[in-house]
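Colleague: I've got a new model open and I'd like to learn how to read its features. Could you walk me through it?

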2 protein chains.
Amino acid sequence: LRQIRIGVGPVAVFGASNFPLAFSVAGGDTASAFAAGCPVVVKAHPAHPGTSELVGRAIQSAVKKCGLPEGTFSLVGGPDYALGAELVKHPAIMAVGYTGSRAGGLALSQIAAARPVPVPVYAEMSSINPVYLLPEALKNSAESLGTAFIASLTMGAGQFCTNPGLILALSGPDLERFCQSAQETLKTAPAPTMLTQSIHASYDAGVEKLAGRRGVSLLGRGPKGDASSCQAAVFTTDAASFMQDPIMQHEIFGSCSLIVACPDLDTLLALTRSLEGQLTGTLHLEDGDIAVAQKLMPVLERKVGRILANAWPTGVEVCAAMVHGGPFPATTDPRSTSVGTAAIERFLRPVCYQDLPDALLPAGLRSTNPLGLPRQTDK
Amino acid sequence: LRQIRIGVGPVAVFGASNFPLAFSVAGGDTASAFAAGCPVVVKAHPAHPGTSELVGRAIQSAVKKCGLPEGTFSLVGGPDYALGAELVKHPAIMAVGYTGSRAGGLALSQIAAARPVPVPVYAEMSSINPVYLLPEALKNSAESLGTAFIASLTMGAGQFCTNPGLILALSGPDLERFCQSAQETLKTAPAPTMLTQSIHASYDAGVEKLAGRRGVSLLGRGPKGDASSCQAAVFTTDAASFMQDPIMQHEIFGSCSLIVACPDLDTLLALTRSLEGQLTGTLHLEDGDIAVAQKLMPVLERKVGRILANAWPTGVEVCAAMVHGGPFPATTDPRSTSVGTAAIERFLRPVCYQDLPDALLPAGLRSTNPLGLPRQTDK
C-alpha cells in the first residue's frame, strides 16, 4: 500500500479587499492551490479591478511561459454577488478559498454545502484578536503598552484581520495608566484613507453602534482627517457588560478597539471562555505573570489559531509553523491555515495505491523513487 | 513560531451496523479520536446494543485504570434518530464520525452545518466499488475471475462498504466466459444470515428495484436460504443503459452486483467519468493491459480513495498508507480516511505559538524537547 496526496481539483479563490497583492489574485490562496496542483479561478475583488487584471495577465503569461495547460488559471470579475455564487455552484469547482466579511463567508459556505456534491470552503471571516495585559507587564509598562497599542491599532487604518480589537486586563490604577497613555497617543494618531467607501461607511456605522451599547464609554477618538479617513476610536467597558452583550464581540473593520476591565482573574477566564473563535490571542507578560498565563493558556488554546507573547498580532509570517486560521467564526475551518506552507494541505486529498505496477503509479510513489523524495516507509 | 496540532474537542461517534467490534463503540473512529486527544461520545448502534454496552463498560474501566478524566468516554443508546440529532447539535461536540447509510450521513451533515458553530462530519456512506476486468487479464483468466468475483461478493453476505457492486469490462466472448463462470459459481454460493431485518428488507427492495430498470437482465441468483438469508444476485447491463440511469449507481448493501459491458475503451472511460465518488476502484490486469490502464488511471484517481490491482477490495488494512475514504458521496470529506493512522488527523487542528516562554508551551514544543519527539525545525 502506498499513499500520495493529490490536488482536489479546480479551486475558486475570492481575494481580500485589503491586500491587493498578498491576498488577492496572486495571493496566498492562489499560490497554495497551485502548489497543491490545482487549477485556480479567481473572482476579482471589486475594490481593485485594475490591479486584479494586471496581476491576472501576469499569471496567464507565466502559465504560457511554463508550458502549463491554458485552463491552469482564470480570472472572472464584476461587482456582482451572483457571479461569486455561480462560481461556487459550478460542478467543476472542488474547493473555495475566501477572505472577507462574515456574511460573505457564511453565504458561500451555505451555497457550497447545498451543492449536489458539497465542497469545502476555507473562509477567513472576522476576528477581534484579544490582547491580554497581564498584571506584572501592565504594572511595569503601562505607558509604553498604551503607546504601542495605538500604533498597532491605527496601522493601515486598522484594516487587518489581526487588528487588536479587544484589550483585556484587571481593573485598577495600572490599567488606568494604560488608558491615559492610549488616550494621549490617540490625539496624534494617523487618520489614513480607508480602502473603499463601503469599508469606511461600515466602520463609521460599527463605531456608532458600539458607542451606543450599555456599559460602553468612549475613551477617545483620533484626528478626524478628511471624508474618507479612518478616525480611530477606543472604548472602554467592564467585564459584566461585555459578557452580557454579544454585539461587543462583532468585528469593526478599522482602527476601533474596546478595553475591558475585569475585576479579577476568574472573571478574565470566564470572559475568555465566552469569546467566539479568533485568529489570534496575545499575552503581554513578564516573569511574574507566568502563573496567571498558565491558567489562561488552556482556555485560550481552544479559542484561537495563534498565541503571541509580548508582540502585536498584526504581523503574519509565511513559514511552515504559521497558523492564520482559528475556530469558527474566525474561519469556517479551524483545521486549516491560509498563510504558511501548511495552507497547501487545504487543497489536497489522499489516494492509496494497492499492489499497482510501477508503470501505473505517480512518479512520487514508484519503487525506484525517481524524484528522490523523502518518503515515510515501513522498515 | 512553533506549531502543534491539538485535539478539536469532544467527538461524537456513530458506529457501523456491520462491524460490532472494528467499527463500533471501540472501533476506528473512537480509537483515532482518542489518539488525537479528544473525548468521545458514542451513539450505540441499535443493531447490537448488548455488544455496545459490554464494550462501552470495558472502555470506561480502562479510562478509570489509566487515571483519565471521567468524561473521556460516554455511551448513549436507543433506537431513536432524535437522540443522534441532539448529539450532533450539542455545542460541546466539535466533530462527528459516522459509518452508515447515505441518508443518515447526509442528515447528520446538514444538522452539523446548520449549528451556530458548524462542525465537520466524517461520514462514510456508500460505494459500489467498480472492478475493471482489463482485456488481457479477462482473456487469460475469465473463469477464475468469475469464481473469485462471486467469492468476494458473497463474503459476509456482501455487507461490506467495499463490496464489489459494479464490474466493468469490454463486451465480447471473454466477458461472456466470465459471466458463465460467475453464473455457475453463484449456484452454490453461500446464503448467510443478514445482520438485521431492516438490512435484509432494504437488500430485497434494492434487488427488486435494480431488476426492473430498463436494460438490466438477471444473470443469476444464489441459493435462497431461509427468511433472513441474503440471496446473492448478479445482473448485467450495457454501458449506454447504465450511463442513462443514475439509479444503477445506488449501493445495494449485500451480495448484489451489476456487470456492465462496454463496447470500447472510450465508452469505458466515459462511464468511469460518469461514476459518483467511490471508496475503491480495482484493476484486474496483466502486462498487456498497462497501456489501457494508463488511460484509465487519471480518471479513476479523481473518483476513488483507493486503487487496487489484481485483488478484491473487501480487505482493508490498518496502516499509515491506507485510505478508507473517497470523493462524495462515498464520504462527506474526501480529505480524510476512517481507517489507518491518518484517520487521527480528522480530529486535530493546528495552533501556532509565537515567542512564548517555554513554561507556557505544550511539552512537545519546548526548546528542550523533553518528550524527544521528531520535529521539523528550521536550520
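Modeller: Sure, let's start with burial: of the 379 residues of chain A, 54% count as buried. Buried means under 20% relative accessible area, exposed over 50%, and partly exposed in between, with a 1.4 Å probe and protein chains only.

Colleague: What ground rules apply?

Modeller: This is a predicted model, where local features need pLDDT of at least 70 and side-chain atom pairs count only at pLDDT 80 or more, while totals for chains, interfaces and linings use all residues. Residues are numbered from 1 along each chain as its sequence is written, chains are lettered from A and ligands numbered from 1 in the order in which they are written, and side-chain values use heavy atoms, leaving out hydrogens and water.

Colleague: How many helices and strands does chain A have?

Modeller: Helices (H or I, at least four residues) and strands (E, at least two) are DSSP runs, numbered from the N terminus. Chain A has 10 helices and 14 strands. Its radius of gyration is 23 Å, close to the 21 Å from the globule rule for 379 residues, so chain A is as compact as a globular protein of that length. That radius is taken over C-alpha atoms, and the rule is 2.2 Å times the number of residues to the power 0.38. Along the principal axes, the C-alpha atoms of chain A fill a box of roughly 75 × 55 × 35 Å.

Colleague: Which feature does UniProt place at residues 7-318 of chain A?

Modeller: The unreviewed UniProt entry has "domain: Aldehyde dehydrogenase" there. UniProt positions are given in the numbering used here, feature names are shortened, and annotations may be inferred rather than shown by experiment. Over residues 7-318, chain A is 39% helix and 20% strand, with the end C-alpha atoms 21 Å apart.

Colleague: On to charges: how many salt bridges are there over all chains?

Modeller: A salt bridge is a side-chain nitrogen of Lys or Arg within 4 Å of a carboxyl oxygen of Asp or Glu. That rule gives 22 over all chains. One of them pairs Arg346(A) with Asp29(A), with the closest N and O atoms 3.1 Å apart. Arg346(A) sits in the loop between strand S13 (304-309) and strand S14 (348-354), and Asp29(A) in helix H1 (residues 28-35), so the pair ties together parts of chain A that are 317 residues apart in sequence.

Colleague: Are Arg346(A) and Asp29(A) buried or exposed?

Modeller: Both are buried. Now take Lys89(A) and Glu86(A), whose side chains meet in a salt bridge at 3.7 Å, N to O. They lie three residues apart in helix H3 (residues 81-89) of chain A, about one turn of the helix. Lys89(A) is partly exposed at 45% relative accessibility, and Glu86(A) is partly exposed at 48%.

Colleague: And what about cavities?

Modeller: Work on a 1 Å grid over the protein atoms alone: a cavity is a set of points where a 1.4 Å probe fits but cannot get out, and lining residues have an atom within 4 Å of a point. Grid points are joined across faces, edges and corners, and a volume is the space filled by probe spheres set on the points. Here there are five cavities of 30 Å³ or more, and the largest holds about 140 Å³.

Colleague: Which residues lie nearest the centre of the largest cavity?

Modeller: Of its 16 lining residues, those are Ile128(B), Gly165(B), Glu251(B), Ile252(B) and Cys256(B). Strand S11 (residues 256-262) of chain B gives the largest share of the lining, three residues. By class, the lining has nine nonpolar, six polar and one charged residues. Ala, Val, Leu, Ile, Met, Phe, Trp, Tyr, Cys and Pro count as nonpolar, Asp, Glu, Lys and Arg as charged, and the others, Gly among them, as polar.

Technical notes:
On a 1 Å grid over the protein atoms alone, a cavity is a set of points where a 1.4 Å probe fits but cannot get out, and a pocket is an open set with protein on both sides within 12 Å along at least five of seven lines; lining residues have an atom within 4 Å of a point.
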